[in-house]
Amino acid sequence: MAVLVNDNEIVLTGTVGESYWGDGFTAVEVITALAKVGRDTDIVVRLNSGGGIATEGAAIHAALSAHKGNVDLVVEGIAASAASVIAMAGMPSLAVASING
């Protein structure tokens, strides 16, 4: 599992979604981590991922966006492909992201 929880910090590393090598993190794991820290708790999410499954990224984005506490998202390394969708959950509503294919 590539989801670590430490107090109000959630660390997401590896492939978005399940991977053959077992280095991925899923929406279910992120939702479980959010439940562990508490629905109203302000959190910091640290993300480092080269991407993965788009639908998993969208589900994680939705879970982070629905979190009642403040979500500060820090990209540590890279947030490519599906991970860039996750990264947008921590951006202010007036922020702009440029994603190239």
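This passage looks at the overall fold of a predicted model and then at its helix α1.

Local features were taken only where pLDDT is at least 70 and side-chain atom pairs only at pLDDT 80 or more, while totals for chains, interfaces and linings use all residues. Residues are numbered from 1 along each chain as its sequence is written, and side-chain values use heavy atoms, with hydrogens and water left out.

The protein chain contains three helices and four strands, where helices (H or I, at least four residues) and strands (E, at least two) are DSSP runs numbered from the N terminus. Along the sequence, their order is β-β-α-β-α-β-α. Of the 101 residues, 37% are buried; buried means under 20% relative accessible area, exposed over 50% and partly exposed in between (1.4 Å probe, protein chains only).

Helix α1 makes a friendly example of how a helix can have two sides. Its buried residues are Ala27, Val30, Ala33, Leu34 and Val37. Seen down the axis of α1, these residues fall within an arc of 120°, so they line one face of the helix; the arc is that of the directions from the helix axis to the C-beta atoms. An α-helix has 3.6 residues a turn, so residues three or four places apart point the same way. On the other side of α1, Val28, Ala35 and Lys36 are exposed. The cover over the buried residues of α1 includes β1 (3-6), β2, β3 (43-49) and α2 (54-66), with contact meaning heavy atoms within 4.5 Å. After α1 comes Gly38, which has a positive phi near 105°.
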